[in-house]
Structures are given as structure tokens and as C-alpha cells.
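Student: I should like to learn how to read the contacts within and between chains in a structural model. May we proceed feature by feature?

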Amino acid sequence: MYQYDHYDQAMVDTRVEEFRDQTRRRIEGTLAEENFRPLRLQNGLYLQLHAYMLRVAVPYGTLSSRQMRMLGDIADKYDRGYGHFTTRQNIQYNWIKLEDAPDILADLASVEMHAIQTSGNCIRNISSDQYAGAAADEIVDPRPYAELLRQWSSFHPEFLHLPRKFKIAVIASDTDRAAMKLHDIGIQLVRNDKGEIGAAFYVGGGMGRTPMIAPLINPFVPIDQLITYSEACLRVYNRYGRRDNKYKARIKILVHELGKDEYTRQVEAEFAHLLSQGLEPPLAELERIKAHFVDPPFEEGLPDDLDLGDPDFALWVKSNTVAHRRPGYVVANVSLKPVGGIPGDASADQIRLMADLARDYSFDELRVTHAQNIVFPHVRKADLYTLWQKLDAADLATANLDSIGDIIACPGLDYCSLANARSIPVAQKISERFAARDRLETLGELKLKISGCINACGHHHAGHIGILGVDRKGVENYQLLLGGCEGADTSLGQITGPGFSEDGIVDAVEKATDVYLAQRQDGERFLDTYRRVGMAPFKEALYG
Amino acid sequence: MKILTGNDLRTGAVIWWDGSGWSLHVEDAVDVGEHAAEILAREEAARHVNASYAVDAQMTAEGVRPAHIKERIRALGPTVRPDLTLKPADPSALNWVI
Ligand code: SF4
């Protein structure tokens with residue numbers, strides 16, 4: 001894992017003291033809210049429905065045990081004993097006191113963490129593949145490149161006041177586990193015919209009010225030009241992005257309005273100019289960062305077999321584990337979606353337990369996934385049963401990964417001041433409706449995603465089944481979308497028709513699954529069947 | 001009726017104007033009629049409240065109830081965590097919210 005050098009630490013420590021002073025001045029009254037608000041937002045501190053909310057950055061979703069333990073301690077010491085893992089691979093606390101915020105940031109800084117650039121119109125936390133460094137199918141570990149981008153984008157003076165927020169994802173395998181094409185910039189690390197590493201740039205994707213799939217604008221940027229090319233993409237956006245209209249200010253609108261070809265032409269022209277400016281950090285810097293991401297001391301010659309005699313364990317292994325690139329190891333997913341639970345929430349005790357288990361069974365490492373789950377990336381198969389037993393005892397062993405029970409849901413109207421409708425109760429009802437093991441197994445992979453408003457933090461456009469909460473004359477109402485998907489074959493969900501009440505949407509989801517079960521052919525997932533038969537039979541069942 | 005709400009500057013807690021100060025309980029809220037703007041300006045300037053605004057409400061037999069669900073959820077707490085609401089011991093407390 002990356003460890004701060006003294007520059008990183010000094011930057012973060014300095015920011016804590018700056019914010020401490022700003023907070024003091026706000027409370028004393030020498031700083032008005034209109035002046036303080038942008039400062040607190042730059043430090044991840046929002047004012048939400050019930051209190052201040054602090055969003056903490058988890059760079060590319062990677063955490064050490066020590067950091068995870070601190071996240072649990074913060075939940076206890078300053079919040080109400082829990083945290084919420086988000087679709088940006090971050091964690092949020094919902095009940096923060098302004099006067100505590102500087103102390104929390106100081107605690108975070110003591111474990112090389114911060115909340116900088118988790119809000120505002122700047123480059124946000126870089127996201128990545130949660131299985132980075134462990135996945136059998138990656139061509140290289142994407143995290144050093146994500147870290148290089150993190151360092152470039154942190155406090156970048158030119159890009160702290162962009163037209164709108166800006167999100168970048170970096171992956172390194174054909175299986176896109178980071179919804180890369182739904183980002184402002186999606187970078188896929190690839191190899192060319194000569195075996196050299198480069199970056200394919202997808203620019204102008206996003207969800208929200210106007211969902212767009214990012215087009216490929218350059219299939220191979222040499223790796224020693226990664227930062228310069230990123231800079232060129234941002235510069236063109238910063239120059240021409242719509243600052244006059246918040247709803248048209250994201251880069252996806254610029255790329256769409258200019259057209260992919262014209263946007264690309266401008267980026268290439270800017271890139272040619274920037275190449276002469278010597279912006280690119282020396283490759284030695286990338287090598288320095290890479291040295292932090294060397295393999296943990298994997299053991300050789302470990303057996304690959306697992307005793308699956310315990311049926312509950314066998315179920316969890318089948319559902320929640322993924323092949324590791326090293327023999328004798330496995331990637332284990334912790335679902336933060338217990339039946340009837342709040343997606344993404346974990347108690348302070350659960351967070352600390354996962355920290356301890358990562359220390360004991362996963363070389364001190366954890367990952368946060370954009371599906372609001374936690375990953376132990378490097379578990380010896382010989383330890384897996386013990387790990388599962390300890391997770392199970394803490395209600396952390398729900399076997400439902402990528403099933404209809406593994407619902408992504410934003411905080412919605414229970415916590416979020418922008419919401420139109422509650423997301424969490426809908427997720428709870430659906431997970432209870434489909435809780436039976438045979439139902440989950442019969443339905444197979446079915447990704448269901450819920451947002452409480454058009455901002456789409458719950459990725460509803462990308463759900464095989466998506467749900468969007470809307471406000472219909474002061475009453476919560478829910479639109480149903482079908483056919484969305486993230487990954488290599490990204491597609492955007494289509495609205496089925498008129499919306500439903502809170503209970504009605506749960507019934508509607510069930511009807512959609514009934515259509516799937518009636519229509520599916522051998523081996524088809526829900527998404528495959530939808531793509532083959534189209535919307536008509538679903539509409540018929542829902543409204544006919 | 002029009003009532004006033006906002007957040008406590010230091011703690012962020014949701015608060016309601018009770019005619020002479022700010023209360024955690026929406027039942028204490030009073031109708032401010034046409035005086036919303038002047039009260040809010042004064043109270044914001046004194047840092048007694050942050051991010052304040054006026055909302056529509058009704059007086060019911062149980063007390064003051066904000067008209068919109070968002071304000072009703074603000075008034076009590078998250079509907080999915082009754083233990084974290086203002087009335088954790090009262091399982092029926094959420095009935096009027098949703
Ligand atoms: S999608 Fe809307 S309701 Fe949900 S967290 Fe985002 S802004 Fe809030």
C-alpha cells in the first residue's frame with residue numbers, strides 16, 4: 001500500500017490546522033456561513049438532513065487495517081456508532097458536530113487519511129477495481145497509476161474550481177468492476193502489440209440527470225504521458241465546460257455537444273502543446289509509487305482445495321469469493337447487505353472487527369467496493385473457513401454478492417437533503433421479499449440499484465433493475481428502470497412507465513423477476529433475457 | 001402556518017423557532033406569520049442558527065406537523081433508525097412522519 005512521504009503528510013497536517021482555524025472563526029462569528037461553506041465542503045463536511053455529514057476519502061478503495069480501525073473508532077468517538085460506505089468507495093458519517101470536525105481530520109491524518117476533495121467542483125477521489133492487485137484477469141495492478149493521478153489531482157491549482165465535480169476511475173482488466181465508462185474520465189490500462197503498458201481514455205460518461213456512456217477518445221496513451229493527457233482532457237473541459245448552467249456543466253455535456261471527434265481534436269491539440277511544457281512527472285516517480293504496491297509475502301505451494309462440508313460455508317464461498325491470481329489464495333467479499341439491513345452501513349464494532357480480520361487473514365489490507373461492500377483481497381484458502389466463522393458471528397457473512405439482495409442504495413430521504421424519496425426502506429423491503437435462499441439462487445446475478453433522486457448516487461441507471469425516487473406532489477413515488485449495466489457492455493436502464501408507491505415498487509420488482517423466470521432461456525441472466533425480449537413483456541406484466 | 005427551522009451551528013442538530021429561541025422539538029414551533037425573513041436574519045446574524053428557512057406546517061391535535069415529508073423526517077430522525085430519532089423509546093413516534 002502507498003505510504004505518505006513527508007510532503008503528503010505535511011500537506012494533510014497543514015490542511016487540518018487551516019480548517020481548525022477556519023472552524024474556530026466560524027463559531028466565533030468572524031467567518032460568515034457563505035464564506036465558510038466552500039471551505040468546509042473542500043474538507044468533505046456537508047450540512048445534511050439531520051446534522052453535518054463528513055465524507056472521508058478512501059483512495060481507490062484501498063485501506064490498511066490501521067486505517068479501518070481508525071474509521072471504526074471515529075464512528076464511536078464522534079458519531080453514533082456506525083459509518084456508511086458509499087458508491088465512491090468512501091465512508092460517510094452522518095452525525096458530526098462542527099466543533100469536532102477538526103479533531104476528526106487530525107485523527108484521520110494520523111493514519112494518512114483525509115476528507116479533501118470529497119466535495120466541490122474539483123477532481124474527486126479516484127476510484128478503481130476493488131480486486132486490484134489480486135484479480136486473476138488484470139494486466140497490471142492499477143493502483144500505482146491511480147495513486148499517481150491522486151497526487152497530480154490533489155490541490156491541482158488549475159482544477160480546484162472546475163465547472164462541476166469530476167470523477168476518474170482506473171482499471172486494468174477487460175472485466176470492468178468500477179463502472180469505468182460511467183465516469184467523467186475512465187482509464188483502462190492496456191498492453192499494445194509490443195507489450196508496452198498504455199492507457200485507453202474514455203471521456204464524458206456519467207449518470208445523474210443526463211446519463212451518458214463515455215466514448216473512447218484514445219485507445220493508447222503511452223504510460224509516460226498519462227498525466228499530460230489527463231491534463232489536456234481537463235484543460236479543454238475547464239475552458240469550455242458550461243459554467244452558466246449547473247445542469248449542463250459536467251464534461252459529458254461538453255463532449256456530447258461538441259461531439260466526440262471535435263472534443264478529441266481539441267484534446268489532442270492541447271496535448272501536443274502540453275508535451276512541450278514538460279509537465280509529466282518523471283517515470284522514476286511512478287517507480288517510487290510502484291514500490292509501495294509490491295506483492296505481500298505470499299506463500300508458495302499452498303494447497304488449492306477447500307473443505308466445503310459446512311453447507312452454509314459452501315454457499316458463501318460460491319457466492320462471495322472470487323479467484324485470486326495466486327494458487328492457494330482467494331478474494332473474499334463481505335456483503336454489507338444483511339437481509340432487511342441498510343446497504344453500506346457498518347457498526348463501529350463491525351468496522352474494527354474487519355480491521356482485525358484483515359490484519360490476521362489478508363496481509364493487513366481491505367478494499368471498499370462501489371457496490372458498498374468490503375473485500376479481503378488476499379486470503380489463504382486454508383484460513384477461509386475460520387475467517388467466515390468470525391464474519392458470521394458478527395452478521396457479516398450474508399451470502400448474496402451480485403444477487404438481488406446485494407442492493408446498492410444511496411442514503412435517500414432518510415439522510416440526504418437533496419433527496420426526493422427514501423431509498424433505504426425500499427431496499428429493505430426488497431431484500432426481505434427475496435430473502436429465501438432458493439429465490440436468490442433461482443434469480444442468479446441480478447444487480448438492483450436505488451437512488452433517492454436524479455443525482456443517481458445509487459447508480460440506478462446502471463442497475464439490471466434500477467429504481468429512482470421522485471417527489472410526486474409531496475408524496476414519494478418510484479420509477480422502475482430495466483436493462484442498465486456497468487462494465488464492458490455498459491448500458492443505460494430504460495424507464496418502464498408510470499411510477500409506483502413504496503409498496504407498489506416492491507411488487508413491481510417481483511413482477512419483473514417473474515417475467516424473467518417465465519421467459520429466460522438456458523444460462524441467461526436477468527439482463528440477458530431483458531436484452532433479448534425487450535421491454536414489451538415487462539410492460540405488459542407491470543401495466544397490462 | 002409558517003414555522004422556522006435550521007441547524008444548530010456547532011452541533012448541526014435540527015432546530016425549530018419557538019418564539020424566543022430554538023428547540024429540538026417541532027412541537028414547540030410557533031407560527032411566524034409574515035415575520036420569517038426578519039427573524040431569520042436576526043438569528044443567523046447572532047449565530048443562533050445556521051442554514052435556516054421557513055416551511056409550511058399544520059397545527060394538529062398532536063401538535064405542529066410540517067407539511068412536507070422531508071421536514072417531517074428532519075423533525076424526528078431517520079425512519080430506518082428509530083433508535084436514533086428524538087423518541088427512540090416510542091415505536092409509534094414515526095407514524096406521523098410517513
Ligand atoms: S442520489 Fe440524490 S438522494 Fe441519493 S444520495 Fe445522491 S443526492 Fe442524495
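Tutor: The discussion below takes up the chain interface, the ligand shell, the domains and one loop residue in turn.

Tutor: This is a predicted model, in which local features need pLDDT of at least 70, side-chain atom pairs count only at pLDDT 80 or more, and totals for chains, interfaces and linings use all residues. Residues are numbered from 1 along each chain as its sequence is written, chains are lettered from A and ligands numbered from 1 in the order in which they are written, and side-chain values use heavy atoms, with hydrogens and water left out.

Student: How many residues does each chain bring to the contact, and what area is buried between chain A and chain B?

Tutor: The size of an interface is often given as the accessible area lost when the parts come together. Here about 2,300 Å² is buried between chain A and chain B, with carbon and sulfur atoms giving 57%; buried area is the accessible area (1.4 Å probe) that two parts lose on being put together, summed over both. Chain A brings 32 residues to the contact and chain B brings 23 residues, where contact means heavy atoms within 4.5 Å. A:Ile27, A:Leu49 and A:His50 supply 21% of the area that chain A buries against chain B, more than any other three residues.

Student: Which residues form a salt bridge across the interface?

Tutor: Side chains of opposite charge can pair when their charged atoms come close. The rule (a side-chain nitrogen of Lys or Arg within 4 Å of a carboxyl oxygen of Asp or Glu) finds 1 salt bridge between chain A and chain B. A:Glu99 pairs there with B:Arg10, the closest N and O atoms being 3.1 Å apart. By class, the side of chain A that touches chain B has 16 nonpolar, 6 polar and 10 charged residues. In this scheme Ala, Val, Leu, Ile, Met, Phe, Trp, Tyr, Cys and Pro count as nonpolar, Asp, Glu, Lys and Arg as charged, and the others, Gly among them, as polar.

Student: How many salt bridges does the whole structure hold?

Tutor: A search over all chains finds 60 salt bridges. One of the pairs within chain A is A:Arg25 with A:Asp21, whose closest N and O atoms are 3.3 Å apart. These two residues are separated by about one helical turn because they lie 4 residues apart in helix 1 of chain A; helices (H or I, at least four residues) and strands (E, at least two) are DSSP runs, numbered from the N terminus.

Student: Which classes of residue make up the shell around the ligand?

Tutor: The shell has 8 nonpolar, 3 polar and no charged residues. Among them are A:Cys410, A:Cys416, A:Cys453 and A:Cys457, each having a heavy atom within 4 Å of the ligand.

Student: What separates the centres of domain 2 and domain 4 of chain A, and what area is buried between them?

Tutor: Domain 2 (134-291) and domain 4 (408-543) of chain A come from an automatic or database domain assignment. Their centres, taken over C-alpha atoms, are 31 Å apart. The contact takes 11 residues from domain 2 and 12 residues from domain 4. About 1,000 Å² is buried between these domains, with carbon and sulfur atoms giving 71%, and the count of salt bridges between them is 0.

Student: Where is A:Gly81 found?

Tutor: A:Gly81 is in the loop between helix 3 (65-77) and strand 4 (82-85) of chain A. A:Gly81 and A:Ala348 are 267 residues apart in sequence and 5.2 Å apart in space, C-alpha to C-alpha.
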